[in-house]
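The following paragraphs offer a guided reading of one protein structure. Please keep the sequence and the 3D view at hand while reading.

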Amino acid sequence: MSAPTVTRRQALQLGAGAVGAALLGFGGPGAYREAFAAGGEPLPRLAALPIDRSDPGVARATLVAAAGTTAVAGERARILLYNGRFPGPVLRVSEGERTELAFHNRLAEPTNLHLHGLHVSPAQDRPFARIEPGESSTYEWTAGAGTAGTYWYHPHLHGQVARQLMGGLSGPLVVTGPVDELPELTAADERLLVLRNSTRADGRMLVNGAIAPRMNARKGTVRLRLLNAGTAEYVRLAFADGQTMHLIATDAGFLERPVELSELLLTPGERADVLVQLKPGSSRTLRRMPYARAGGATGTDPEALLEIVAHPQAKPTPLPGALVAVPALRATPGTAVRRVVLAVNETGEYTINGHVFDHHRPRVEATPRSGDTEVWEIVNEHTSDHSFHLHTWPFQVLDRDGRPDPYRAWRDVVNLRGRQRVRIAIPFTDFTGQTVFHCHNADHEDGGMMAVLDVTARRTASDSRPLASHTERSSTHAP
Ligand code: C2O
Ligand code: CU
Ligand code: CU
């Protein structure tokens, strides 16, 4: 079969089913506890992708995409799955390890696999590949030093991304490194949360495939690796009762030190890693807050995503001080600022620099030289938000509408509000080839808001001077 079709009736049935009782209680903050008492199932733990490590330094794993039946929000559903799991299993490797991932397409339709956020060669990532039903393909890469973080894998076949993602295909990818061994981090109860829309198009956000599950914290501090794997959802997260969180990492790496936040916006494709210090015996609800995309509000009421029940005795453990060094980036002298314009044309098509992406004739919109650090000025001429994403090369946001970002962070996704202008710095380290940048709202991406960059070899070794680069990131703490 192809992608599951979701009928209005199915969506209504879901609302009227077991979860209906829980939904009825969502009137105000006080109602949440009752709602959970009525319906909160335990937070599902994601399956680990089995890894063969019989050769030292090499991690071998197999991923199979196939239609299958599994539980989605407590009900059986026939959807698209990686290794029979929804969400897909967690591929967990460490810095310096070489991964060989064998991918088999057992769907009834073509697909491909994208390693979102990883600094891997375009020749491996292959966003233009088309893997036919019954075909296989192998992906090989080495997770570089300093790349510890939360990433993900998902289909990238142009025109089919939204449907295949929505159908169930996505899974997390974790790279661990020395920074994860900091005692303040190992002292926390670590959980990975995949946030995504239900395959049933009922508008609910699922957390690891469940609706508003409950987590019993085993420690006084929890570490949440958050991934927005939704097709187009803007997820503005905040705890009820004034509970704050400390951001320690963004998409493609750790911050220099924790940053306290009262809320956090994850646009499609984004990740965040936060520490939450809990008062013993307390119960805290992580909620999805309304977010107004210019030109149309998303949701009007807070939606409970997860209840965290603190350990009755464990006191919150301290936060780490320094995490890693995040170098300030400067453009390589002689490189021009590149302009990338996101817009919607008169006929309602999504464009980059005035062009609708055509996978039969992809236009090269940027030709950086490998080794250079470039500044890109991304301009959103549309009145609504777009979530800019670049493959292979993580970047730092310099400023938004001229206002510098308050802390340095490695990202591979940056949201642009309607009419916003954002400048980013991109170190084009050590890979060449063609890959893409696009809006990570999968409907917009499929609709043409995508373009190609072609990174070419530097002219000579001597006419480009080395700059602070992604691969030179290092941990500041002693091993
Ligand atoms: Cu996660 Cu090109 O995308
Ligand atoms: Cu990507
Ligand atoms: Cu968009």
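A search of the whole structure, which is a predicted model, finds nine aromatic pairs. In general, two numbers describe such a pair: the distance of the ring centres and the angle of the planes. One of the pairs is formed by Y82 and F103, whose rings are 6.5 Å apart from centre to centre, with 65 degrees between the planes, an edge-to-face arrangement. This pair links distant parts of the chain, since Y82 belongs to strand 2 (residues 75-82) and F103 to strand 4 (residues 98-105), 21 residues apart. Both Y82 and F103 are buried.

Another aromatic pair, W376 with F428, is tilted: the centres are 6.2 Å apart and the planes make an angle of 35 degrees. Here too distant parts of the chain are linked, with W376 in strand 25 and F428 in the loop between strand 30 and strand 31 (433-439), 52 residues apart. W376 is buried, as is F428. Ring pairs also tie W376 and F428 into a cluster with F388, W393, F395 and F437.

Strand 25, which carries W376, leads to the sheet. Six strands make up an open sheet with mixed pairing, in the order 23-22-25-30-27-28. Why is one side of strand 23 and of strand 28 left without a neighbour in the sheet? Strand 23 (350-352) and strand 28 (403-404) stand at the edges and each has a single partner strand, so one side of each has no neighbour there. Within the sheet, strand 25 (residues 373-380) and strand 30 (residues 421-427) run antiparallel and are joined by seven bridges. In this pairing, V375 stands opposite A425 of strand 30.

The metal sites come next. Which residues coordinate the copper ion (ligand 3)? The donors are H386 through ND1, C439 through SG and H444 through ND1, at 2.0 to 2.1 Å. Along the chain these donors follow the spacing H-x52-C-x4-H. The two histidines come from distant parts of the chain: H386 lies in strand 26 (residues 386-390) and H444 in helix 7 (residues 442-446), 58 residues apart. Buried means a relative accessible area under 20%. H386 is therefore classed as buried, with a value of 0%, and H444 is likewise buried, with a relative accessible area of 10%.

For the copper ion (ligand 2), the protein donors are H114 (NE2) and H389 (NE2), which lie 1.8 to 1.9 Å from the ion. This pair also links distant parts of the chain, with H114 in strand 5 (residues 114-116) and H389 in strand 26, 275 residues apart. Strand 26 thus carries a donor of ligand 3, H386, and a donor of ligand 2, H389. H114 and H389 are both buried.

The empty space in the model can be followed in a similar way. In general, rolling a probe the size of a water molecule over the atoms shows where such space is left. The structure holds one cavity of 30 Å³ or more, and the largest cavity has a volume of about 50 Å³. Its lining consists of G117, L118, H119, V120, W141, T142, A143, G144, T147 and Y151. Five of these lining residues are nonpolar, five are polar and none is charged.

The largest pocket has a volume of about 520 Å³. Of its 24 lining residues, L265, E270, R400, Y407 and R411 are the closest to its centre. Strand 14 (245-250), strand 16 (264-266), strand 17 (271-277) and strand 29 (413-416) are the elements that give two or more residues to this lining. By class, the lining of the largest pocket has twelve nonpolar, four polar and eight charged residues.

The second largest pocket contains about 390 Å³ of space. It is lined by 21 residues, of which R45, R92, E190, R191 and L192 are the closest to its centre. Helix 6 (183-186), strand 9 (189-197) and strand 12 (221-228) each supply at least two residues of this lining, and strand 9 gives the largest share, three residues. The lining of the second largest pocket has ten nonpolar, three polar and eight charged residues.

Definitions and conventions. Residues numbered from 1 in each chain as written. Chains lettered and ligands numbered in written order. Predicted model: local features only at pLDDT ≥ 70, side-chain atom pairs only at ≥ 80, totals over all residues. Heavy atoms only, no water. Donors = N, O, S within 2.8 Å, 3.2 Å for Na, K, Ca; no water. Helix = DSSP H or I, 4+ residues; strand = E, 2+ residues; numbered from the N terminus. Buried < 20%, exposed > 50% of the residue type's maximum accessible area, 1.4 Å probe, protein only. 1 Å grid on protein atoms, 1.4 Å probe; cavity = no way out; pocket = protein on both sides within 12 Å on 5 of 7 lines; lining within 4 Å. Points joined across faces, edges and corners; volume = space filled by probe spheres on them. Nonpolar A, V, L, I, M, F, W, Y, C, P; charged D, E, K, R; others polar. Pairing = 2+ DSSP bridges. Phe/Tyr/Trp six-rings, centres within 6.5 Å; stacked < 30°, edge-to-face > 60°.
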